[in-house]
Amino acid sequence: MSASEWWRSGHASPSWRPHSPSLRGVLIAMVTTGLVLSSAGASAIALNGLASHGAPAARESRPAAMENTALQADPDAVRTTAQTTLAAGRNDATVAAFLKLRWAARLSAALERYGAMLAFQDAHHLALAAAGVDHYAAQLHNGLLHDGPSRLITVSVQGQRLTAYEDGRVVVDTPVTTGRPALATDVGAMRVLRKDAPWTMQSPWPKGSPEWYPDTVVQMVVWFTSNGEGLHDASWQPDATLGPGSQFGPFASHGCIHLPLTAVKTLFDWAPVGTPVVVYPGDGSPVNSQALRQSVDAMGNPVGGIRGA
């Protein structure tokens with residue numbers, strides 16, 4: 001199936017950040033020994049995404065000693081790691097929501113149920129919550145990777161990071177700079193519309209306007225909206241200034257996304273017209289909160305005004 005066909009069908013695949021190996025190992029051990037996902041124990045975590053509230057009915061069937069031992073080492077670290085995983089899962093779920101992946105809502109709801117349990121203080125509920133969050137975040141991510149488009153570009157506004165995937169493999173992973181607050185890069189599911197190399201950026205604002213800029217040549221542009229937003233190099237911006245927080249700095253764009261030249265060269269050659277470009281808040285908040293910031297319509301067309309370089 002082509003990238004454009006995948007776009008029309010509403011599939012995508014977001015980024016993933018792995019856990020600390022040692023803590024992840026503890027949680028995997030819990031799962032594989034039946035602490036949380038035991039078929040014999042009728043765990044509260046069901047593979048169909050339906051989870052019960054509170055303590056599971058068959059709690060006594062699980063190895064409580066292992067549960068306590070794992071958490072006695074550093075329960076705060078387990079909780080912190082799980083909260084990081086929860087945020088990543090919410091970001092993945094947001095990308096899925098933008099692209100209308102129906103199955104993701106069920107997994108997202110289960111993720112939130114176990115995320116709420118991270119506030120519990122007793123060892124059993126903390127172990128259950130951490131393993132549940134780990135499980136459903138992984139389910140969301142893996143589903144997006146393996147039931148998504150063959151090619152996908154994602155951009156986290158909070159992380160100021162672009163990741164491009166092909167068949168679940170990372171092709172580009174780079175810091176970026178998006179639009180300044182007054183001209184923020186549009187949020188939502190968009191797609192590659194065309195590509196130009198080189199290109200002279202011309203200000204759509206008149207001289208004297210605070211947003212005006214002189215004609216500026218860039219080597220390559222991968223356009224993803226019809227109102228002037230594209231992925232392009234920015235020779236005037238040092239690569240070291242790209243990344244988190246740069247959308248508030250002196251090199252913030254007028255809505256485009258600045259990348260290192262090597263990264264945009266790869267994307268220019270690699271991404272055909274129709275490749276999904278998903279820009280999402282990426283702040284780890286629940287899906288409903290992130291979705292409120294979507295600024296494109298169902299077809300990926302921005303509902304705001306003109307953007308530029």
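1. The sheet in this predicted model is open and has five strands in the order β3-β2-β1-β11-β4, with mixed pairing. Its edge strands are β3 (169–175) and β4 (188–191), each of which pairs on one side only. From one strand to the next the twist averages 20°. Strands are DSSP runs of E of at least two residues and helices are runs of H or I of at least four, both numbered from the N terminus; two strands pair if DSSP finds at least two bridges between them.

2. On scope: residues are numbered from 1 along each chain as its sequence is written, and side-chain values use heavy atoms, with hydrogens and water left out. Because the model is predicted, local features need pLDDT of at least 70 and side-chain atom pairs count only at pLDDT 80 or more, while totals for chains, interfaces and linings use all residues.

3. Strand β1 (residues 151–156) is mostly covered, with five of its six residues buried. Buried here means under 20% relative accessible area, exposed means over 50%, and partly exposed lies in between (1.4 Å probe, protein chains only).

4. β1 and β2 (residues 161–166) run antiparallel and are joined by six bridges. Ile-153 has Ala-164 of β2 as its bridge partner, and Val-155 stands opposite Leu-162 in β2. Four residues lie between the two strands of this hairpin, where Gln-160 takes a positive phi near 50°.

5. With β11 (residues 276–280), β1 runs parallel, and four bridges join the two. The partner of Val-155 in β11 is Val-279. Val-155 is thus matched with Leu-162 in β2 and with Val-279 in β11.

6. Helix α7 (residues 261–270) packs on the sheet and touches β1, β2 and β3; contact means heavy atoms within 4.5 Å. The direction of α7 makes about 140° with that of β3. Axes are lines fitted to C-alpha atoms, for helices over the stretch in contact, and angles run from 0 to 180 degrees between N-to-C directions.

7. Helix α4 (residues 75–98) has 24 residues and spans 35 Å from its first C-alpha to its last, close to the expected 34 Å. The expected span is 1.5 Å times one less than the number of residues. Just after α4, Lys-100 takes a positive phi of about 60°.

8. Side chains of opposite charge can pair when their charged atoms come close. A search of the whole structure finds eight salt bridges, each defined as a side-chain nitrogen of Lys or Arg within 4 Å of a carboxyl oxygen of Asp or Glu. Arg-151, Glu-166 and Arg-169 are linked in a network of such bridges. Within this network, the side chains of Glu-166 and Arg-169 meet at 3.6 Å, N to O. Glu-166 counts as buried because its relative accessibility is 17%.

9. Another salt bridge joins the side chains of Arg-194 and Asp-196, at 3.0 Å from N to O. Arg-194 has 38% relative accessibility and so counts as partly exposed, whereas Asp-196, at 18%, counts as buried.

10. Arg-293 forms a salt bridge with Asp-283, with the closest N and O atoms 2.8 Å apart. The pair links distant parts of the chain, ten residues apart: Arg-293 lies in the segment after α8 (287–291) and Asp-283 in the loop between β11 and α8. Arg-293 is partly exposed at 38% relative accessibility, and Asp-283 is partly exposed at 33%.
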